[in-house]
Amino acid sequence: MVRGLAAEVPWPPSVDDFFLPPIAGPDNWFTKFTLFVWVAVAITIIFFLVAYRNPKLVPTKSQWIAESAYGFVRDGIAKDIIGAEGIKFAPYLASLFLFIAFNNLWGIIPGVQLSPNTHIAFPAFLAIISYVLFIWVGVKRFGFAKYIKNQLIPPGAPAWLLPLVIPLEFASTFLFRPLTLALRLFANMFAGHVILLVFTLGGFVLLGSDNFALAGISIVSWAIAIVMTIFELLVALLQAYVFVLLTSVYVQTSIAEEH
Amino acid sequence: MPNNLAAVVLAAEGEHNPVVPIWQEIVIGLIAFGVLCFILMKFVFPRMEQTFQARVDAIEGGIKRAEAAQAEAGQLLEQYKQQLAEARTEAARIRDEARADAAGIREEAATRAREESDRIITAGREALAGERASIVRELRSELGALSVELASRIVGEALADEARRRGTVERFLDELGDAPTATGSKR
């Protein structure tokens with residue numbers, strides 16, 4: 001029976017494990033991924049509306065949790081990185097943080113263990129919004145020409161270096177920023193899922209092997225899967241934090257007087 | 001492991017490529033994220049900002065109220081101390097005054113008593129002196145009159161007998177002895 005279970009395990013894990021058939025309907029409109037996104041959004045909205053339906057000066061526990069989440073992004077990221085001006089970006093940054101964090105957490109929820117952010121579509125559109133945001137605030141502050149000049153020409157760069165500096169600055173600011181934002185989040189969640197797959201499915205494969213000693217090691221494999229799940233919790237929150245932090249840094253460099 | 005990696009790479013080149021986004025997911029993601037942002041940014045976070053502000057106001061207001069109360073208390077304390085000091089000074093002043101008054105009253109009473117006794121003594125002396133003078137005057141006039149009467153009687157009764165003469169002299173002397181008594185009862 002054990003042998004039979006192991007035989008059913010798809011091994012090794014492959015990219016196809018990330019592409020599941022739609023739950024219903026045509027194309028990819030209604031898949032596990034889109035469903036989890038909707039559920040994460042619904043949970044977030046419901047929690048915040050319920051926790052904040054009747055705010056008090058002395059907060060209740062749920063109100064305190066909701067305030068802490070917002071306060072963390074507001075004071076810990078927006079105000080810290082962007083400065084006093086950052087508070088007006090705090091609502092968006094907090095929404096972004098919650099969206100990424102809740103979606104990432106699907107990666108370790110038992111029975112789901114698959115984050116929507118393992119599909120690059122989600123990190124990609126978030127990165128594009130951040131990209132548009134930091135360019136827009138820069139252009140709004142300085143006007144298009146001044147903003148581009150601020151971004152491309154570092155103050156004090158010697159003239160003969162400009163032909164080299166300008167393309168580098170352009171690439172790093174306008175090409176690599178959105179790409180790295182999207183890829184970092186996507187790759188972390190993707191790799192996290194692969195790791196969990198390797199150790200969980202690997203445990204079944206080892207259990208089904210003919211070698212008795214190898215079958216025993218399956219316990220170790222699953223133990224590592226549990227440790228990795230805890231590690232993934234850290235990664236899920238950390239990546240949400242990094243995404244929001246970098247968005248703040250980009251906004252800050254766009255509106256800074258001195259580049 | 002290398003086997004595994006190769007499989008991933010192979011699969012990536014196959015039907016599914018993990019770095020090519022599925023456009024339907026972008027649409028769904030944008031809508032879901034938009035809904036989340038809209039609701040949180042419209043209904044939740046602004047109210048949190050209000051709460052934060054209210055909290056700051058409450059704390060600052062509390063501190064301000066406490067400071068005001070403390071200042072008022074300090075002022076009252078100062079005022080009470082001042083009033084107490086004033087009251088003490090006043091009491092001391094009143095005591096001193098009373099003491100001075102008492103001394104004055106004693107002095108005055110003594111002076112008045114002395115004056116009164118002097119006055120009484122003087123009046124007594126004057127009265128005595130006046131009486132004495134009037135008595136002397138009366139005695140003088142009476143003595144004169146009596147002397148004249150005695151002389152006339154002596155002359156008138158020269159011829160009478162020895163016994164009668166003796167009796168007359170004795171009667172005269174008796175009258176003399178009564179006279180001062182009669183004069184004294186007049187007063």
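Before anything else, a quick definition: when I say helix, I mean a DSSP run of H or I at least four residues long, numbered from the N terminus. With that in hand, A:Lys149 sits in helix α6 of chain A, residues 144-152. And please keep in mind, everyone, that this is a predicted model.

Let's stay with A:Lys149 for a moment. Is this lysine buried or exposed? A:Lys149 comes out as partly exposed, because 13 other C-beta atoms lie within 10 Å, and the buried label needs 20 or more. A:Lys149 is also 17 residues away from A:Ile166 in sequence, while their C-alpha atoms are 9.3 Å apart in space.

Now step back to α5 of chain A, residues 121-142. Its 22 residues should span 32 Å at 1.5 Å a residue, and the end C-alpha atoms are indeed 32 Å apart, so the two agree. Its buried residues include A:Phe122, A:Leu126, A:Phe134 and A:Ile135. What do those buried residues pack against? In chain A they meet α4, α6, α7 (162-207) and α8 (212-255), and in chain B they meet α2 (23-156). Just after α5(A) comes A:Gly143, with a positive phi of about 85°.

There is another positive phi in the loop between α4 and α5 of chain A, which is where A:Gln113 is placed. Phi of A:Gln113 is near 45°, and this residue is not a glycine. A:Gln113 has 17 C-beta neighbours inside 10 Å, so it counts as partly exposed.

On to α4 of chain A, which covers residues 90-105. This helix has 16 residues and reaches 22 Å from its first C-alpha to its last, close to the 22 Å expected. Why do I call α4(A) largely enclosed by the rest of the structure? Because 15 of its 16 residues are buried.

That leads us to the nonpolar cores. The largest one holds 62 residues, and the members that touch the most others are A:Val73, A:Leu93, A:Phe97 and A:Ile100. Elements giving it two or more residues are α2, α3, α4, α5, α7 and α8 of chain A, together with α2 of chain B. Of these, α4(A) supplies the largest share, eleven residues. If you'd like one residue to click on, try A:Phe97: leaving out residues up to four places away in sequence, A:Phe97 touches A:Val73, A:Ala240 and A:Val244. There is also a second, separate core of five residues, and A:Leu196, A:Leu197, A:Val198 and A:Phe199 are among them.

How do the two chains meet? The contact takes 35 residues from chain A and 34 residues from chain B. On the side of chain A, the elements that give two or more residues are α2 (32-51), α3 (61-82), α4 and α5. Here α2(A) gives the largest share, nine residues. By class, that side of chain A has 26 nonpolar, six polar and three charged residues.

Last, chain B and its UniProt record, an unreviewed entry. UniProt lists residues 26-45 of chain B as "transmembrane region". In the model that span is 100% helix, and its end C-alpha atoms lie 26 Å apart. UniProt also places a "coiled-coil region" at residues 63-97 of chain B. That span, too, is 100% helix with 0% strand, and 50 Å separates its end C-alpha atoms.

Thanks for listening, and I'm happy to go back to any of these views!

Key:
Residues are numbered from 1 along each chain as its sequence is written. Chains are lettered from A and ligands numbered from 1 in the order in which they are written. This is a predicted model: local features need pLDDT of at least 70, side-chain atom pairs count only at pLDDT 80 or more; totals for chains, interfaces and linings use all residues. UniProt positions are given in the numbering used here, feature names are shortened, and annotations may be inferred rather than shown by experiment. Two residues are in contact if their C-beta atoms, placed from the backbone, lie within 7 Å. Ala, Val, Leu, Ile, Met, Phe, Trp, Tyr, Cys and Pro count as nonpolar, Asp, Glu, Lys and Arg as charged, and the others, Gly among them, as polar. A residue is buried if 20 or more other C-beta atoms lie within 10 Å of its own, exposed if 12 or fewer, and partly exposed in between; C-beta atoms are placed from the backbone. The expected span of a helix is 1.5 Å times one less than its number of residues. A nonpolar core is a set of buried Ala, Val, Leu, Ile, Met, Phe, Trp, Tyr and Cys residues joined through C-beta atoms within 7 Å.
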